[in-house]
Amino acid sequence: MANLPQRDEPLEPSSKGSRHARLGRDNRLRGESSESIKAVAVYEVAKGIGALLGAGALWLWHTDLERWLATATATWQQNFGHLLAPQVESTVRIAQQASKNWPLFLLLIFVYAAIRFIEAYGLWQDKTWAYWFSVIGYGIFIPIELYYLLARPFDWFKLAIFVLNIIIVIVVYRNMKQKGLI
């Protein structure tokens, strides 16, 4: 009986693999985010950078946006045909609206980018609020995206976004469960 560990002593692992797995789990529970959460954080940073690039384009070309959009759309169609045509048309409509009230759109884009960067920071730093923000923020759009998938003509891009959002919700939810947040 003297060789048995006391109640508070950790059990020694039987192999290096199980010890490595236990150490990885212990580190995540202590505040180190997992690789999957870091991937979500990188995705958030990419969305924030994309928004800032869009803001830069709006800032530079807001006075001549109609001509620039016509040129960009023609170039897209020449190189890619009808690939992502609904998204290109939607982007053009949004940009046309943005050019009419570009200061407001710039503000909205900067707010969106800031939210993406704050969420990425929180996930990277393993903050509880960031997990909740992500799972709610992505989860809230799943029913809307499902509606658009079913109510509108089929679109591979919409399907990809829908699946990506489901994957992100699952990844964040799993990590929340492992950390005991839910």
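This passage describes a helix pair, the nonpolar cores and one buried arginine in a predicted model. Local features need pLDDT of at least 70 and side-chain atom pairs count only at pLDDT 80 or more, while totals for chains, interfaces and linings use all residues. Residues are numbered from 1 along each chain as its sequence is written, and side-chain values use heavy atoms, without hydrogens and water.

Helices α2 (residues 35–61) and α8 (residues 156–178) pack at about 135°, with axes 9 Å apart. Helices are DSSP runs (H or I, at least four residues), numbered from the N terminus. Axes are lines fitted to C-alpha atoms over the stretch in contact, and angles run from 0 to 180 degrees between N-to-C directions. The angle makes α2 oblique to α8 (not under 35, over 145 or from 65 to 115 degrees). Contact (heavy atoms within 4.5 Å) involves Ser 36, Ile 37, Val 40 and Tyr 43 of α2. From α8 come Leu 164, Ile 168, Val 171, Val 172 and Asn 175. Seven of these residues are nonpolar, two are polar and none is charged.

The largest nonpolar core (buried nonpolar residues joined through side-chain atoms within 4.5 Å) has 17 residues. Ile 37, Leu 123 and Val 172 touch the most other members. Helix α8 gives the largest share, six residues. Another core, of nine residues, lies apart and includes Leu 65, Val 88, Ala 95 and Leu 106.

Arg 116 lies in helix α5 (residues 102–124). Its relative accessibility is 11%, so Arg 116 counts as buried (under 20% relative accessible area, 1.4 Å probe, protein chains only). Beyond four places in sequence, Arg 116 touches Glu 44, Lys 47, Gly 48 and Phe 133.

Definitions and conventions
Helix = DSSP H or I, 4+ residues; strand = E, 2+ residues; numbered from the N terminus. Buried < 20%, exposed > 50% of the residue type's maximum accessible area, 1.4 Å probe, protein only. Nonpolar A, V, L, I, M, F, W, Y, C, P; charged D, E, K, R; others polar.
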